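Q: Could we go through this structure together, beginning with how the helices pack? Please settle the terms before giving any values.

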Amino acid sequence: MPLARRLERLKPTAVNTILQEVRQLRAEGHQPVSLMRGAPDLPTPEHIVTAAQQALSDGRTGYPDNRGEPTLREAVARSINRNGGPEYSPDSEILVTSGATLGIHAALGAVLDPDDEVLVPEPVYDAYLSVIIQLGGRPIPVPATLDNGRFTWDPDQVNAACSPRTRAMLINSPWNPTGTVLGNDEWLRLLEVARRHDLYVVSDEIYESICYPGHRHCTPAALSDDARQRTIIVNSLSKTYSMTGWRVGFCAAPAEVISAMYLVLQQSSRGPATFVQDAAVAALDGPQQCVLEMVSEYGRRRELVIAALSDVPHVRVLSPEGGFFAMADARDLERPSNEIRRSLLVNHGVVVMHGGAYGPSAEGTLRISFASGGDNLTHGLELLANGLRALGS
Ligand SMILES: Cc1ncc(COP(=O)(O)O)c(C=O)c1O
């Protein structure tokens with residue numbers, strides 16, 4: 001029986017494509033070590049798990065409020081404000097979603113008309129592209145430049161990429177895959193472009209808590225009244241509280257935008273499970289020491305990655321400012337990044353992402369995840385360093 005023709009325009013995410021290759025190798029008896037996924041190996045903090053168990057025992061198993069339980073919307077508003085964001089009304093300006101994934105879908109679904117264009121920084125978190133296409137829009141990747149070991153997104157180029165059809169920019173900072181954290185000055189210049197062309201700024205802030213010394217996340221919504229009006233904050237508890245499998249996230253935006261997003265969202269979701277929402281309240285309102293501890297653990301892992309590759313010829317690690325991915329610049333190997341990745345996987349037993357998966361401006365680079373630590377990381381880094389040495393000899 002035929003399936004929908006629209007599927008021809010959608011792509012699996014790069015991670016899912018490579019996982020397929022890895023599964024195949026595992027079925028053949030190989031045991032590659034993965035430095036690929038953005039799945040933290042740290043457990044969800046105890047008090048959050050306890051809150052979920054308590055909520056289950058209390059029978060919190062019915063349908064949730066589809067916009068998000070009122071207690072969670074209140075906790076979200078408090079948390080955004082505590083982290084330097086503006087005040088949002090829990091009643092009308094917050095929406096709870098099943099992870100940032102559905103938040104992005106609802107945000108774009110609320111603002112895009114057919115053939116509307118969405119500017120995305122390239123290298124781009126590839127999962128954005130098919131969502132834009134699925135909603136009838138057109139992703140417009142605007143290449144970043146790699147200067148002095150840092151990817152930057154030049155506002156002049158962003159401005160030049162705008163057309164009368166441009167409707168939004170979709171940005172994540174800390175930026176997966178590059179590790180760049182946009183500073184206030186960079187945001188202000190991008191917001192100026194957004195103001196000039198009257199664009200929405202969809203700000204995916206999922207890595208907000210993971211910033212390294214000297215860098216701090218700032219939501220663009222906090223930077224001016226105009227910015228607050230055009231920013232749609234998308235966030236989730238996946239990375240901040242090591243809750244990737246709980247599927248709980250949230251959005252914040254002016255009331256009319258949230259109400260449009262809610263209309264979109266309710267067509268495909270009733271929101272995260274009610275007891276999960278109670279646990280999310282415990283996460284957002286509870287002690288934040290667990291987050292600080294996770295961030296210092298990622299900081300230690302980041303140093304391990306930098307040290308492990310420091311003396312590998314032809315390869316230079318870009319020290320990430322935030323998130324738990326490091327890009328390795330392997331352009332001097334003069335091979336397509338996918339070929340390097342394949343060789344590392346098949347001949348050296350280590351899985352990383354090829355930069356080319358995120359767009360041409362990351363060609364020749366590799367993305368190394370340190371979301372998993374311990375032996376997995378030390379062993380994986382050893383395999384990676386040896387593999388890259390072999391490729392460069
Ligand atoms: C930039 C970015 N946005 C969104 C997501 C998906 O987040 P969630 O688990 O909340 O759906 C990820 C996951 O890796 C991500 O890296």
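A: A helix axis here is a line fitted to C-alpha atoms over the stretch in contact, and angles run from 0 to 180 degrees between N-to-C directions. Please note that this is a predicted model.

Q: At what angle do the axes of α2 and α10 cross, then?

A: The axes of helix α2 (residues 46-57) and helix α10 (residues 274-285) cross at roughly 145° and come within 8 Å. The crossing is right-handed.

Q: Which residues make that contact?

A: From α2, the contributors are H47, I48, A51, A52, A55 and L56. From α10, they are F275, V276, D278, A279, A282 and A283. Sorted by class, the contact of α2 with α10 has 10 nonpolar residues, one polar and one charged.

Q: Moving on, how are α11 and α13 arranged?

A: Helix α11 (residues 289-309) packs against helix α13 (residues 374-392) at an angle of about 25°, and their axes are 9 Å apart. Angles under 35 degrees count as roughly parallel, and α11 and α13 are therefore roughly parallel to each other.

Q: What is the hand of the crossing, and which residues make the contact?

A: The crossing of α11 and α13 is right-handed. On the α11 side, the contact is made by R301, L304, V305, A308 and L309, and on the α13 side by L377, L381 and A385. By class, this contact has seven nonpolar residues, no polar ones and one charged.

Q: What about α12 and α13, how do they cross?

A: Helix α12 (residues 337-348) and α13 have axes that cross at roughly 115° and come within 10 Å. Here too the hand can be stated: α12 passes α13 in a right-handed crossing.

Q: Which residues meet there?

A: In α12 they are I340, S343, L344, N347 and H348, and these meet L383, L384, N386, G387 and L391 in α13. The contact of α12 with α13 divides into five nonpolar, five polar and no charged residues.

Q: New topic: how many residues surround the ligand?

A: The ligand is surrounded by 13 residues, of which the closest are G99, A100, T101, S236 and S238. By class, the shell has three nonpolar, nine polar and one charged residues.

Q: Which element gives the largest share of that shell?

A: Helix α4 (residues 99-111) does, with three residues.

Q: Now the backbone. Where are the cis peptide bonds you would point out?

A: One joins S173 and P174, with omega of about -10°. Another runs from N176 to P177, where omega is near 15°. P174 lies in the loop between β7 (166-172) and α7 (184-196), and P177 is placed in the loop between β7 and α7 as well.

Q: Why single those out, and what of phi?

A: Most peptide bonds are trans, and most residues other than glycine have a negative phi. For phi, D115 deserves a mention: its value is near 70°, which is positive in a residue other than glycine. D115 lies in the loop between α4 and β3 (117-122).

Q: What phi does G29 take?

A: G29 takes a positive phi of about 100°, just after α1.

Q: And α1 itself, how far does it reach?

A: Helix α1 (residues 14-27) has 14 residues and reaches 20 Å from its first C-alpha to its last. That span is close to the 20 Å expected at 1.5 Å a residue.

Methods: Residues are numbered from 1 along each chain as its sequence is written. This is a predicted model: local features need pLDDT of at least 70, side-chain atom pairs count only at pLDDT 80 or more; totals for chains, interfaces and linings use all residues. Helices (H or I, at least four residues) and strands (E, at least two) are DSSP runs, numbered from the N terminus. The expected span of a helix is 1.5 Å times one less than its number of residues. Angles under 35 degrees count as roughly parallel, over 145 as roughly antiparallel, 65 to 115 as roughly perpendicular and the rest as oblique. A crossing is left-handed if the near helix is turned anticlockwise from the far one by less than a right angle, and right-handed if clockwise. Two residues are in contact if their C-beta atoms, placed from the backbone, lie within 7 Å. Ala, Val, Leu, Ile, Met, Phe, Trp, Tyr, Cys and Pro count as nonpolar, Asp, Glu, Lys and Arg as charged, and the others, Gly among them, as polar. A residue is near a molecule or strand if its C-beta atom, placed from the backbone, lies within 6 Å of it.
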